[in-house]
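Hi,

Here is the structure I promised to hand over. Have a look at it below, and then read on for what turned up in it.

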Amino acid sequence: MRRILLRVFLAVLVLAACGGGFLWWKLRSHVEPIPTTLAPVEQDPARIRLPGLDQQPALEIGALRGSIAYFVLESRESMSAGEGRELSRALNRWQVGDDVKGFFIGEVEGLGFLKWKLDEFADAMQRESRLPMYMDYEGAILRGFKLPKGHTAVVVLGRQGELLFRHSGKLGPADLESLRVALTAREPPPPPPAPDFRAGPLSKATCAGKGCALIFLARAVNVKAVPGVEGGAKRNDRTAWADPDARLVAMMSDQPLPEGKSLGVFVGALEGVKLAAGWHVVADDAALRAALELSPGETAIVVIDREGRLAIRERGHVALWKLDPLRDLLSLPERR
């Protein structure tokens, strides 16, 4: 019996070692070097197809003929390195025509054994993204367009399916301009001047030369309802993140505003929420809402830029991509 038990124990150890080795090999960092010139595309892109998430339709590149189509690839390595930061900001900022269709592709080649978890993560990200999201477990986009693994990449196809633009790695100013031309995209027009207003320490005068944020709450927010903060709900609490007021408090209350560069106020009532430097709480004010063209009891975020212009005014449930300019507008430090 002892000999049998020993053999079983050794067998379990071997299986555990093999399984651990397999997971290590699958999950280790895969970053291929970026060649000076990307290899020519040999496969007809029209044949590439990716399944959709949940009830989402499949992505069939051949069906996109007649439109300008672009695909943004990100991997865990490229996201960790921040390679696509400037690309993301540009794509979230630019205005494009109705015939331009974009897609975000999660580059997860070889990770199909984790599909259940990665799809769950992608589904959560989808609600915060400007672009529809797909997961590429087979490397169809990566290998079909001859892109090195582990880097941010963007591919643009013309209305007849022709390759207009292809880039791997961080995009510089010249690369971004070439991409903008390929997408027939436009920079947004300058925002209108902000009206006269006053909200505690914030006014049109005190905000001159600074970025100023005003977050309007529809109700009193208790710390227990706010995800991810000290004393609040769990960071992965989907119900908490679905609440328009709680999500704005969660996203902004712990962001320190650099002295002399930006100021911020929460307009309404906060209970037990610790605020980072530069933030204040002021009572709700009908006159302030009217000046900024907001309805009574409406959740909103308003940001005045350094030139005194109304840079952001978003209402209700605000997706993360719409707040992408906040880093620059409020001089916030980058988060990795």
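Strand β5 is part of what covers the buried residues of helix α4. Please keep in mind that this is a predicted model.

The buried residues of α4 are Leu118, Asp119 and Ala122. They sit on the same side of α4, because the arc they cover around the axis is only 100°. The helix itself runs over residues 115–126, twelve residues in total. From its first C-alpha to its last, α4 reaches 16 Å, close to the 16 Å expected at 1.5 Å a residue.

Strand β5 (residues 133–136) also brings us to the aromatic residues, since Tyr134 lies in it. How many aromatic pairs does a search of the whole structure find? There are four. One of them joins Phe103 and Tyr134, with 6.2 Å centre to centre and 65° between the planes. That pair is edge-to-face, because its angle is over 60 degrees.

Phe103 belongs to strand β4 (residues 100–107) and Tyr134 to strand β5, so their pair ties together parts that are 31 residues apart in sequence.

Are these two residues buried or exposed? Phe103 has a relative accessible area of 9%, so Phe103 is buried. Tyr134 is buried as well, at 4% relative accessibility. The cut-off behind both calls is a relative accessible area under 20%.

Finally, Phe103 and Tyr134 belong to one aromatic cluster together with Phe71 and Phe145. If you have the 3D view open, those four residues are a nice place to start looking.

Best wishes

Definitions and conventions. Residues are numbered from 1 along each chain as its sequence is written. This is a predicted model: local features need pLDDT of at least 70, side-chain atom pairs count only at pLDDT 80 or more; totals for chains, interfaces and linings use all residues. Side-chain values use heavy atoms; hydrogens and water are left out. Rings of Phe, Tyr and Trp (its six-membered ring) pair if their centres lie within 6.5 Å; planes under 30 degrees apart count as stacked, over 60 as edge-to-face and the rest as tilted. Helices (H or I, at least four residues) and strands (E, at least two) are DSSP runs, numbered from the N terminus. Buried means under 20% relative accessible area, exposed over 50%, partly exposed in between (1.4 Å probe, protein chains only). The expected span of a helix is 1.5 Å times one less than its number of residues. The arc is that of the directions from the helix axis to the C-beta atoms. Contact means heavy atoms within 4.5 Å.
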